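Student: I should like to take a close look at a single part of this structure, together with the parts that surround it. Could you please guide me through it in one connected account?

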Amino acid sequence: MTPIVLPTAPAAPLVDPFGRAISYLRVSVTDRCDFRCVYCMAEDMTFLPKRDLLTLEELDRLCSVFVGRGVRKLRITGGEPLVRRDIMSLFRSLSRHLGSGALDELTVTTNGSQLAKHAADLAASGVRRINVSLDTLDPDKFRRITRWGDLAQVVRGIDAAQAAGLRVKINAVALKGVNEDEIEDLLVWAHGRGMDLTLIEVMPLGEIQTHRADQFLPLSTVRARLVERYTLDELDERTGGPARYVRVAETGGTLGFITPLTHNFCESCNRVRVTCTGKLYMCLGQEDAADLRAPLRASEGNERLEQAIEEAIARKPKGHDFVIARGRSAPAVPRHMSVTGG
Ligand code: SAM
């Protein structure tokens, strides 16, 4: 593979019809995962045949084209990105864009199961911060939520990441009646270890054998409970996404709230997502997508690919239509989070 080397300033930045510049790309590198989190997947998920996936070289090319058009932050996700074979070669090769200054941040969202093996390589590839998903500190509950996961293995992964100098942010999905009594423990544990914590509301993505309304815990409720014991000072930090941050005065750590069901973030949305088969989703909560695999494979040059990306960005919708309603059995969006990439 001859990697594309990019000039520092983007050729023509990608700007959508609402004037939003696309500076953040999330790329799912596999739909497979070694966990089966109850809110994310059905236990008997069928995964894509390997031939449908973009190769690591194709993923590199795709990401590089986006970086050449103004993407400054790249998040590798999945499925579980660290279970994809030879995934470190993608990180190593993408790190050249950090070196050239074309990219500000290369990062990853992981369940942590493979981190002990990969943390040092991630750090060596220029990754500075990672997100680790962890919904409970109780080993039995952890097994029930993830169906297949081992909490001790994840904690060893987090230890390895911190030892390698990576900043770790813990992402926890707030689940009604499951971990709602543990939010404070998670907060104290994460902040005590120098990690930020972000809480996420369950999103109606994909069929999962359980009714979403049974899992949904509004973060307004969680916040109201925390405020009884902690001082939460609003931070100005904005990521262009659905997260809002506070500083917890008592712990000194940062706490994020991701409330994707509200619309208060769409107007500043700066992100798009690519699936492991090369489908570009302009909005996590909408079905419209553009196929980038065909133009990617049609020629060695990137003209068709760039054209397909431009046409897709021109259709980026103003916002999403998520709803979680009682009595509504179908998900608002039929594809699973593991397909689009979290
Ligand atoms: N395997 C990696 C991980 O566990 O972080 C990356 C992919 S995972 C799909 C990304 C994030 O999406 C995780 O934090 C997971 O908890 C979250 N997630 C999955 N399905 C979700 C849903 N329906 N609603 C809210 N968050 C979800």
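The account below begins with one helix and its core and then turns to the ligand and some of the loops.

Student: Please look closely at helix α2: which of its residues are buried, and what covers them?

Tutor: Please keep in mind that this is a predicted model. Helix α2 runs over residues 87-100, and its buried residues are I87, M88, L90, F91, S93, L94, H97 and L98. An α-helix has 3.6 residues a turn, so residues three or four places apart point the same way. In the list for α2, you may follow this spacing from I87 to L90, L94 and L98. The cover over the buried residues of α2 includes helices α1 and α3 (115-124) as well as strands β2 (73-77) and β3 (105-110).

One residue of this helix, F91, also stands out in the largest nonpolar core, which has 93 residues. F91 is among the four residues that touch the most other members of that core, the others being F66, L74 and I170. Helix α1, residues 56-68, supplies the largest share of this core, with 7 residues. L74 links several of these parts: leaving out residues up to four places away in sequence, L74 touches L25, V27, C63, V67, L94, L103, E105, L106 and T107.

Consider next the two ends of α2. Before the helix, D86 lies in the loop between β2 and α2. D86 is not a glycine, yet its phi is positive, at about 65 degrees. D86 counts as partly exposed because its relative accessibility is 48%, a value between the limits of 20% and 50%. After the helix comes G101, whose phi is also positive, near 90 degrees. Elsewhere, R147 has a positive phi of about 65 degrees although R147 is not a glycine. R147 lies in the loop between α4 (139-146) and α5 (151-163). With a relative accessible area of 18%, R147 is buried.

From α2 we may pass to V29, in the loop between β1 (24-28) and α1. V29 has a relative accessible area of 0% and is therefore buried. Beyond its neighbours within four places in sequence, V29 is in contact with L53, L59, I76, T77, G78, P81, R84, I87, L90 and C276. Two of these contacts, I87 and L90, are buried residues of α2. V29 and G79 are 50 residues apart in sequence, but their C-alpha atoms are 7.4 Å apart in space.

G79 leads us to the ligand. Among the 17 residues around the ligand, Y39, G79, E80, S133 and M203 come nearest. The side chain of Y39 has an N or O atom 2.8 Å from an oxygen atom of the ligand. For E80, an N or O atom of the side chain is 3.0 Å from a nitrogen atom of the ligand. M203 takes part through its backbone, with a polar atom 2.7 Å from a nitrogen atom of the ligand. Taken alone, the ligand exposes 550 Å², and the protein buries 95% of that. The shell around the ligand has 6 nonpolar, 8 polar and 3 charged residues.

Finally, let us return to helix α1, where E58 is found. E58 counts as buried because its relative accessibility is 13%. Its side chain makes a polar contact of 2.7 Å with the side chain of R297. Not counting residues up to four places away in sequence, E58 touches L53, L296 and R297.

Note on methods. Residues are numbered from 1 along each chain as its sequence is written. This is a predicted model: local features need pLDDT of at least 70, side-chain atom pairs count only at pLDDT 80 or more; totals for chains, interfaces and linings use all residues. Side-chain values use heavy atoms; hydrogens and water are left out. A nonpolar core is a set of buried Ala, Val, Leu, Ile, Met, Phe, Trp, Tyr and Cys residues joined through side-chain atoms within 4.5 Å. Buried means under 20% relative accessible area, exposed over 50%, partly exposed in between (1.4 Å probe, protein chains only). Helices (H or I, at least four residues) and strands (E, at least two) are DSSP runs, numbered from the N terminus. Contact means heavy atoms within 4.5 Å. A residue is near a molecule or strand if one of its heavy atoms lies within 4 Å of it. A polar contact is a pair of N or O atoms within 3.5 Å; within protein, one must be able to donate a hydrogen and the other to accept it, and residues adjacent in sequence count only if both atoms are side-chain atoms. Accessible areas come from the Shrake-Rupley method with a 1.4 Å probe; for residues, only the protein chains shown count as cover. Ala, Val, Leu, Ile, Met, Phe, Trp, Tyr, Cys and Pro count as nonpolar, Asp, Glu, Lys and Arg as charged, and the others, Gly among them, as polar.
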